[in-house]
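Me: I should like a close look at a single part of this chain, with its local geometry, its charged pairs and its wider setting treated in one connected account. Please keep to what the coordinates support.

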Amino acid sequence: MTLHGRGPLNQRLFQGLRRSILEGRLAPGVRLPSTRALAEDLGLSRNVVLMAFDKLLDEGYVEARVGSGTYVSAALPDAAIAPWRPRRREAPLAPPPRLSAHARRVIALAPLPAPTAPLRSGLKYEFRYGLPAIADFPSEAWSRVIARRARGLRITSLRYGRARGYQPLREAIAEYVTRARGIVAAADQVVVVNGSQQALDLVARLLLDPGDRVVVEEPCYQGARHVFAAAGARLVPVPVDEAGLDVARLPRRGAVRLAYVTPSHQFPLGGIMPPWRRLELLRWAEAIGAHVLEDDYDSEFRYESRPVEAVQGLDRSGRVLYAGTFSKVLFPSLRIGYLIVPTGMVPAVAALKFLMDMHTTAFEQEVLADFIVEGHFERYLRRSRTRNAARRAALLAALDEHLGDRVEVVGANAGVHVVVWLRGVEASQVEAIRHRAAAQGVGINSVAPHYLHPPRRAGLLFGYACLSERDIRAGVAILSRVLREFPQALRRRPSA
Ligand SMILES: Cc1ncc(COP(=O)(O)O)c(C=O)c1O
């Protein structure tokens, strides 16, 4: 043994022995040489060795057994149980990892932090899109179902489940969407997924090869557009108007593999596609050989107009894949959604889902199935419809009272968000407005990130489900004061 470092010899010997113990060269239970023998071996005075052994004893690294010698302790002192990290020289700079084309596309896509992200957490008036009415959630009923399921936990719940999802949940979903959304599908066509985001990703894997053309709405839900771009698809943006995707502007030439649409409440502008446009979309898809991905993310909430049958329900040639979610009606961290596909696609979707994550968590699927079958889901839905209608009315009234014709509100007839165009405000001012508003406790998103070609005018996205009517009024009042700080906001001019 050689003694490294500087300092008193007894200290250096102690450290050398301690290191040997921690690195396992002197294993627990091993007998140390006698102090006399070690002193001779190392050419040290016996006193030096005795002092080092005393310190090892004191700190619990060794034990003395009377008449027999000194042994490495069976249980090392707590602090030393942490893995021993020998001092390393600075690692040389690792070369950048070689990433797949897919990863390179994803990294190029994700501008972080996105302007849709919260500027800060804990804002009092958070109009951020994507937060449902957590305060209304029937947590007691939900907890009771969880507790009952947990008490009666069966062995089958602990095993791997089916990639397609828990059968009773698939049946409950099929029954609900048939009745409430005009979907024409059997439970066998339902695949349970981790939120509709996974449904979008599954469809991209199912249908797209790099270079394939995909029609997206302009503007379009950013999370969807990024999925298709990540798959290497070529995006074909088609403008939307107050009736959703403008079908007259769909490409008539060249192959198109997929069209992604949000017909029940266009995201983010809120247009509702009338039945004749839905039929026209299907005729176009058939003629050009495209599939249609219908993202029905929040159609449970409708105001002042009757629900329109889903595009899936009108499809007679098996072109439509339908994605639904519980994120907006229950809560988004549940991460449960569903993809409903033509029967012939189910095995491929299930195989892809299996490769991704085998299946969605079984316990939550069981709880959700009970929650739906026992009627809690629709009871809550009816209540939240009334609550969200009141919130929407409060928001529209507050916008009218405080901002009047300085704003144009669109997309208020469904869902739980509206878009507010600020008249006379340049798009370049939106970030400054968001920061000023956040400093006063108001959280809002810009609509711009959802455009491939961002508009020149300033648009804000207002989610309202997570706020009380009182807070909605207070938040809008604060925002109107913030907007007064931006002189252009006061200039009235027609919308661009
Ligand atoms: C239009 C649209 N599609 C899909 C999603 C994804 O939702 P989730 O994965 O939570 O079901 C969202 C989320 O806000 C959305 O707005």
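Reply: The account below begins with one loop and its flanking helices and then moves outward to the domains.

The model is a predicted one. The part chosen is the loop between α12 (346-357) and α13 (362-373), where Met358 lies. Met358 has a positive phi of about 70 degrees, although it is not a glycine. Most residues other than glycine have a negative phi. Met358 counts as partly exposed because its relative accessibility is 31%, a value that falls between the bounds of under 20% for buried and over 50% for exposed. Together with Tyr160, Phe354 and Leu355, Met358 forms a nonpolar patch on the surface. The accessible area of these residues together is about 490 Å².

On one side of the loop is α12, which holds a charged pair. The side chains of Lys353 and Asp357 meet in a salt bridge, with 3.1 Å from N to O. Lys353 and Asp357 are separated by about one helical turn, because they are four residues apart in helix α12. The two partners differ in burial: Lys353 counts as buried because its relative accessibility is 0%, whereas Asp357, with a relative accessible area of 27%, is partly exposed.

On the other side of the loop, α13 takes part in a pairing of another kind. Arg148 and Asp370 form a salt bridge through their side chains, at 3.6 Å from N to O. This pair links distant parts of the chain, since Arg148 is in helix α5 (residues 139-151) and Asp370 is in helix α13, 222 residues apart. Asp370 counts as buried at 15% relative accessibility, while Arg148 is partly exposed, with a relative accessible area of 37%.

A pair in α15 may be set beside the one in α12. Arg434 forms a salt bridge with Glu431, and the closest N and O atoms are 3.1 Å apart. These residues are three residues apart in helix α15, so about one helical turn separates them. Arg434 counts as buried at 2% relative accessibility, and Glu431 is partly exposed, with a relative accessible area of 31%. As for wider networks, salt bridges that share partners join Arg148, Arg149, Glu366, Asp370 and Glu374 into one network. A search of the whole structure finds 22 salt bridges.

Other backbone features can be compared with the geometry at Met358. Arg335 is not a glycine, yet it has a positive phi of about 55 degrees. Its place is in the loop between β10 and β11 (337-340), and with a relative accessible area of 35% Arg335 is partly exposed. At the end of the preceding strand, Thr325 is found in β10 (residues 320-325). Thr325 is buried, with a relative accessible area of 4%. Beyond its neighbours within four places in sequence, Thr325 is in contact with Gly195, Ser196, Asp296, Tyr297, Ile336, Gly337 and Tyr338. The C-alpha atoms of Thr325 and Leu339 are separated by 8.8 Å, and the two residues are 14 residues apart along the chain.

Two cis peptide bonds also deserve mention. One joins Glu218 and Pro219, with omega about 5 degrees, and Pro219 is placed in the loop between β5 (213-218) and α9 (222-230). Another runs from Phe267 to Pro268, with omega near 5 degrees, and Pro268 lies in the loop between β8 (258-261) and α10 (275-288). Most peptide bonds are trans.

The wider setting is given by the domain assignment, which lists domain 1 (9-81), domain 2 (114-130 + 379-484) and domain 3 (138-374). The contact between domain 2 and domain 3 takes 30 residues from each of these domains. Their centres, taken over C-alpha atoms, are separated by 26 Å. The area buried between domain 2 and domain 3 is about 2600 Å², and carbon and sulfur atoms give 61% of that area. Zero salt bridges are found across this interface.

A last residue is Gly441, in the loop between α15 (430-439) and β14 (442-443). Gly441 counts as buried at 14% relative accessibility. Leaving aside its neighbours within four places in sequence, Gly441 is in contact with Leu123, Lys124 and Tyr125.

Key
Residues numbered from 1 in each chain as written. Predicted model: local features only at pLDDT ≥ 70, side-chain atom pairs only at ≥ 80, totals over all residues. Heavy atoms only, no water. Patch = residues over 30% accessible without salt bridge, like charges linked within 9 Å, V, L, I, M, F, W, Y side chains within 5 Å. Areas by Shrake-Rupley, 256 points an atom, 1.4 Å probe, with all protein chains shown as cover. Salt bridge = Lys/Arg side-chain N within 4 Å of Asp/Glu carboxyl O. Helix = DSSP H or I, 4+ residues; strand = E, 2+ residues; numbered from the N terminus. Buried < 20%, exposed > 50% of the residue type's maximum accessible area, 1.4 Å probe, protein only. Domains from an automatic or database assignment. Contact = heavy atoms within 4.5 Å. Buried area = accessible area lost by both parts, 1.4 Å probe.
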